[in-house]
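Reader: I should be grateful for a close examination of a single part of this model, namely the packing between helices in one of its chains. Please set out the geometry and the residues involved, with some context on confidence.

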Amino acid sequence: MVPTSYYLILSGVIFAIGAVGVLVRRNALIIFMCVEMMLNSVNLTLVALSRQWGNLDGQVFVFMVMAVAAAEVAVGLALLIANTRHQESINIDEIHLLKW
Amino acid sequence: MLDYAWLVLAFPAAGALLNTFLGGSLGRRAVGWLASGAVALAFLASLGLFAQLMGLPGHERSVTVHLWDWIRVGTFQVPAALLVDPLSVTMALVVTGVGTLIHVYSVGYMAEEPRYQRYFVYLNFFVLAMLVLVLSDNFLGMYVGWEGVGLASYLLIGFWFDRRDASYGYYADAGKKAFLVNRVGDFGMALAIMILWTGLGSVTFLEVFAGVEKLAAGTLTLASLLLLLAATGKSAQIPLYVWLPDAMAGPTPVSALIHAATMVTAGIYMIARTYPLWEAAPAASAVAAWVGGLTALLAATMALVQVDLKKILAYSTISQLGYMMLGVGVGAYAFAIFHLITHAFFKALLFLAAGNVMHGLHGELDIRRMGNLRARMPQTARLFTVGALALAGFPLTSGFFSKDSILFAAFERSPALYGLGLFTALLTAFYSFRAVFLAFWGRERDPDLFARAHESPAIMRGPLWILAGLALAGGGLNLPRVLPLLEHWLEPAVGALEIHAGLGLEMTLMAVGGLVALAGIYLAHARYVQEAAWAQGLAQGLAPLRPLLERGWYVEDLYRAAVVEPLWALARFSAQVVDRGIIDGTVNLVGQLHLLASDGLRRLQNGLIPTYALSLFVGVVVAVLYFVFG
């Protein structure tokens, strides 16, 4: 069996990559993708630990996470499209009229 | 009547209040006559008190009239009460009597003054404060009056606060100088009252005098010296006389009333009133006598070189007050009061006559620009000369008798002080007639001014004739041995002076005094009228002393360097470094810190999504670290 630590480390790496992506990338769609990556890394952690302890609670929680992620994507993309009515660019640095 | 003693105070108080609130609509003449009437009524009330006291046998002539309970704090009980006795009634008569004459004179003198209402209110207020001072039965009441006359003096000296000239500087500064210098003295008085209360548990005169034996000699001497400090401030003696010459910036009737006849005599009155303290502290009395004698001489030397007519009279006042201080210092309280009264007459006369000169010369006071004024204002010339005769101590004038009585008392106790006093008398006669001859005799030195000179109206001459009569006849108040009316009258209040010398000595000394006065007048005549060669030669020989005298023996320069400049430096430091720098700086710093902090925090809310994402991330990291390590 593959040691659980491998999964956890992989999950951490994927999370880090996703986090840095959220902070650094300019394209709003890429940022959404990175957020999905972070969520999926957490899913990976949950599933790995579920297999380690033989407890299906982790895998059930993964379902919840995926549902929330899907809903979140829908809302986020809707917001982004709504913003496109004002400006064509989806460069996150230029979307700052939120303060109005 | 005695129960109504408070009327003496009520009249000037009413005058001041009525003129304050209704004066604006009363018109010029009415304001002046209302104020004069108030003081005249106070004079009549004082006469009433006098008559009542006369009706009582000698030893009962000390009546306390309780007005109300003023302070009642545990053991500290002070009544608002009046002490009606020969001394206080005498002072009240002088204050209200001379005061009435000066008020009437003022109606004429200040006829053109736009702020006449303020003038008469202040003048009435002064009379009120002075009466509170002399009639109070306790130290605190007297202190209230003491401060009140100081305030009135400040207000009236600086009456024309927007003026300045070469002789007096900024008139407002003269007022401030008077107030501040007096403050030093008042500090002494406050301390003395505290010492007496701590030692005896009372501030009422009669109770304090009764308990004097209970105090240690050192305590008594200290308290007396502190009272002396107060007296040197109010009565312009060494070291606190420097405000009086500058006080001449005030209107001339003010100079006559406050700085000649009444307020400056408050210190002398105070010492006479508290005589049991001084009898029990001979060291302090001796100091007082020497302060008086030296001041008399010092001031007389300074009067010799003055060219401002009022300043001659101012230094003369300081000198004559020195005589009074000398008198109380040697225990001759009645004689000092005698001189106080005669001085009030002739000094007020001299000042008001100077006022006539000013009026006739349209404000000029420099005697170098006068000359032969008796041709243009003969009555004023005669009136001024009468005053000068009394001041010089010309035989048989009031000043002659009063000054000689003090010198006689001094002779027994300290021949040195007698010598000082006698020499000062010579100088006094000289400088008085220097003023007379330079202003009223000789040739006119400024023809244009002379041509425009004129005599004053009757309202400004009438009161002077009355004062002149009193200056000449005032000696009748106390003819030594023959008719010592004043001594007997004042005895219940100030005790009696032990005289060991015989009648022969007294007559001899009186003759010497008269001769000295005549000598002084003759010297002045030789120098300024005859312009005799020997007199001019003598003046030439003494010329090197002139700068010293003109700078007032450098006393004021010393004060400026030793006291005034350091205080100004301290004030500048306090204002600029401490107040503006440290205190304002600290407050401003707090404000600046706020701005700095808000500037920094503002950057957290810039509307940029990446910034907010970063903030979230940082927050999560901190929370995780807290849970892992905290």
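Author: The following account turns from the confidence and domains of chain B to two of its helix pairs, and ends with its contact to the neighbouring chain.

The structure is a predicted model. For chain B the mean pLDDT is 92, and 100% of the residues reach 70 or more. For the complex, the predictor reports a pTM of 0.84 and an ipTM of 0.87. The domain assignment divides chain B into domain 1, covering 2-550, and domain 2, covering 557-629. Taken over C-alpha atoms, the centres of these two domains of chain B are 60 Å apart.

Consider the pair formed by helix α8 and helix α13 of chain B. Helix α8(B) spans residues 217-234 and helix α13(B) spans residues 282-303; their axes lie 8 Å apart and enclose an angle of about 20°. Because angles under 35 degrees count as roughly parallel, α8(B) is described as roughly parallel to α13(B). The crossing of α8(B) and α13(B) is right-handed. On the α8(B) side, the contact is made by Thr221(B), Ser224(B), Leu225(B), Leu228(B) and Thr232(B). These meet Ala283(B), Ala284(B), Val287(B), Ala288(B) and Val291(B) of α13(B). By class, the residues of this contact comprise seven nonpolar, three polar and no charged.

The second pair consists of helix α14 and helix α17 of chain B. Helix α14(B) covers residues 309-329 and helix α17(B) covers residues 398-413, with an angle of about 40° between them and an axis separation of 9 Å. That angle makes α14(B) oblique to α17(B). The crossing of α14(B) with α17(B) is left-handed. From α14(B), the residues Tyr323(B), Leu326(B) and Gly327(B) take part, and they meet Lys403(B), Ile406(B), Ala409(B) and Ala410(B) in α17(B). The contact of α14(B) with α17(B) contains five nonpolar residues, one polar residue and one charged residue.

Set side by side, the two pairs read as follows. The crossing of α8(B) and α13(B) is right-handed, whereas that of α14(B) and α17(B) is left-handed. No charged residue belongs to the contact of α8(B) with α13(B), while one charged residue belongs to the contact of α14(B) with α17(B).

Finally, the contact between the chains may be described in similar terms. Chain B contributes seven residues to it and chain A contributes nine. On the side of chain B that touches chain A, six residues are nonpolar, one is polar and none is charged.

Notes. Residues numbered from 1 in each chain as written. Chains lettered and ligands numbered in written order. Predicted model: local features only at pLDDT ≥ 70, side-chain atom pairs only at ≥ 80, totals over all residues. Domains from an automatic or database assignment. pLDDT = per-residue confidence, 0-100. Contact = placed C-beta atoms within 7 Å. Nonpolar A, V, L, I, M, F, W, Y, C, P; charged D, E, K, R; others polar. Axes fitted to C-alpha atoms, helices over the stretch in contact; angles between N-to-C directions. Helix = DSSP H or I, 4+ residues; strand = E, 2+ residues; numbered from the N terminus. Parallel < 35°, antiparallel > 145°, perpendicular 65-115°, else oblique. Left-handed = near helix turned anticlockwise from the far one by under 90°.
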